[in-house]
Amino acid sequence: MSAGGSRKAILAAMAANGGIAIAKFVAFILTGASSMLAESIHSVADTSNQGLLLLGGARARRDASRTHQFGYGRERYFWSFVVALVLFSLGGLFALYEGIEKIRHPHEIESFGIAVGVLTFGIVLEGASFRTAIVESRPLKGSRSWWTFIRTARTPELPVVLLEDLGAMIGLVLALIGVSLSHWVDPIWDGIGTTSIGVLLAAIAVVLTIEMKSLLIGEAATDEKAEKLRTALGATPGVERILNLRTQHLAPEEVLVVGKVDIADTMTFRQVTDVIDAAETAMRAAVPEATMIYLEPDEFNPSHVPSPDRNDGEHEDGAH
């Protein structure tokens, strides 16, 4: 569901941004407004970014190779990270530069009505794209707040599209305010509006960069899924104790699970392997994303001192 929802949201955003970019460039040529130029570059960057997200999704579907034996799922995280860098450099920094230049050298806005019409048209299209991203994200968001969803989502494309569309809508409003004040009050407001757009895009890019960096390094499964895995493992007949359990997302829909379990000493080797197989089956049934599970039978050691820096909510028992 998340992969399909991501693709639909990406395509909707790409169509909206492509059409808006053309309209904005035409408006810039007719009006000379720097905020229109900044918004044009912003839309071009967003359209390119959606292309990068689609590229990442396609490359992530490649089969595992000898060099990349766990597959290419993290391609989606990498290209989402690149999107954040493009948004910061091509969108944010360009708008800041253009805005400062227009503050230093302001000039009158030409064809004010055309600028307002194009910006209003852009707000409508971006609103439709933003609505699609919200609809596709809602099943994954659940009861979490939108900010928590963006900070904790393991599917990178939806948070990227959500923040891009939100930034685009706010940017269009800022451009509309800047153009209007420049026409009615003082031409310097065009530069102020452009600078505001640059600050907004840079802030969004920083948030995305931080989140995509965390995903690239490797994040654990959510607390909810980790608890389901522990419950399924602990309920498997023959498993006396969970000594430790670790998870890491190899891709949004692929979770690596490794752990150690205490199994009765009286069991034969065949019985132990049967218990391990049953545990893996139960864990995959509880969390289908757990595509790779490696469990090791071990012996409980009550003298083992748990690590003080655990942050995954587990209570790790002793093992040696």
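# Close-up views of a predicted model

**View A. Ala203 is partly exposed, with a relative accessible area of 43%.** The label fits because 43% falls between the 20% limit for buried residues and the 50% limit for exposed ones. This close-up, like those that follow, comes from a predicted model. To find Ala203, look in helix α7. If you have Phe28 on screen as well, its C-alpha atom is 25 Å from that of Ala203, and 175 residues of chain separate the two.

**View B. Thr194 is a buried residue of α7.** Thr194 is also part of helix α7, and it counts as buried because its relative accessible area of 0% is under the 20% limit. What does Thr194 touch, once residues up to four places away in sequence are set aside? Its contacts are Ser34, Ser35, Ala38, Ala95, Glu98 and Gly99. Ser34, Ser35 and Ala38 fall in the range of α2 (34-60), while Ala95, Glu98 and Gly99 fall in that of α3 (75-104).

**View C. The largest nonpolar core has 46 residues.** Which of its members touch the most others? They are Met36, Val161, Val179 and Leu208. Several helices contribute to this core, with at least two residues each from α1 (2-31), α2 (34-60), α3 (75-104), α4 (112-141), α5 (146-152), α6 (157-184) and α7 (188-217). Val161 is a good residue to centre on: leaving out residues up to four places away in sequence, Val161 is in contact with Ala9, Ile10, Ala13, Leu53 and Ala133. A separate, second core holds 20 residues, including Ala232, Leu245, Val257 and Val261. Two of these names, Leu245 and Val257, come back into the picture with the strands below, Leu245 lying within the span of β1 (239-251) and Val257 within that of β2 (254-263).

**View D. Helix α4 has the length its residue count suggests.** With 30 residues at 1.5 Å a residue, α4 should span 44 Å, and the 41 Å between its end C-alpha atoms agrees with that. Just past the end of α4 comes Gly142, whose phi is positive, at about 65°.

**View E. Leu166 is a partly exposed residue of helix α6.** Leu166 sits in α6. Is Leu166 buried or partly exposed? It is partly exposed, because its relative accessibility is 35%, a value between the 20% and 50% limits. For a sense of distance across the model, compare Leu166 with Glu254: their C-alpha atoms lie 29 Å apart, with their positions 88 residues apart in sequence.

**View F. Three strands make an open sheet in the order β1-β2-β3, with mixed pairing.** β1 (239-251) and β3 (292-298) are the edge strands, and each pairs on one side only. On average, neighbouring strands of this sheet are turned by 15° against each other, with direction ignored. Helix α9 (residues 269-286) lies across β1, β2 and β3, and runs at about 145° to β3.

**View G. β1 and β2 form an antiparallel pair with 10 bridges.** A hairpin of two residues joins β1 to β2. You can follow the pairing from partner to partner: Ala251 is opposite Glu254 in β2, Thr247 bridges to Val257 in β2, and Val239 has Ile263 of β2 as its bridge partner. How many of the 10 residues of β2 are buried? Seven of them are, so this strand is mostly covered.

**View H. β2 and β3 run parallel and share seven bridges.** One place to look is Gly259, which stands opposite Leu295 in β3. Phe300 lies in the segment after β3. Phe300 is partly exposed because its relative accessible area, 26%, lies between the 20% and 50% limits. From Phe300 to Lys260 the C-alpha distance is 9.7 Å, although 40 residues separate them along the chain.

**View I. The predictor's confidence varies along the chain.** The protein averages a pLDDT of 85, and 92% of its residues score at least 70. Which stretch has a pLDDT below 50? That is residues 308-318, which have 24 contacts in the model beyond near neighbours in sequence.

Terms used. Residues numbered from 1 in each chain as written. Predicted model: local features only at pLDDT ≥ 70, side-chain atom pairs only at ≥ 80, totals over all residues. Heavy atoms only, no water. Pairing = 2+ DSSP bridges. Helix = DSSP H or I, 4+ residues; strand = E, 2+ residues; numbered from the N terminus. Axes fitted to C-alpha atoms, helices over the stretch in contact; angles between N-to-C directions. Contact = heavy atoms within 4.5 Å. Core = buried A, V, L, I, M, F, W, Y, C linked by side-chain atoms within 4.5 Å. Buried < 20%, exposed > 50% of the residue type's maximum accessible area, 1.4 Å probe, protein only. Expected span 1.5 Å × (residues − 1). pLDDT = per-residue confidence, 0-100.
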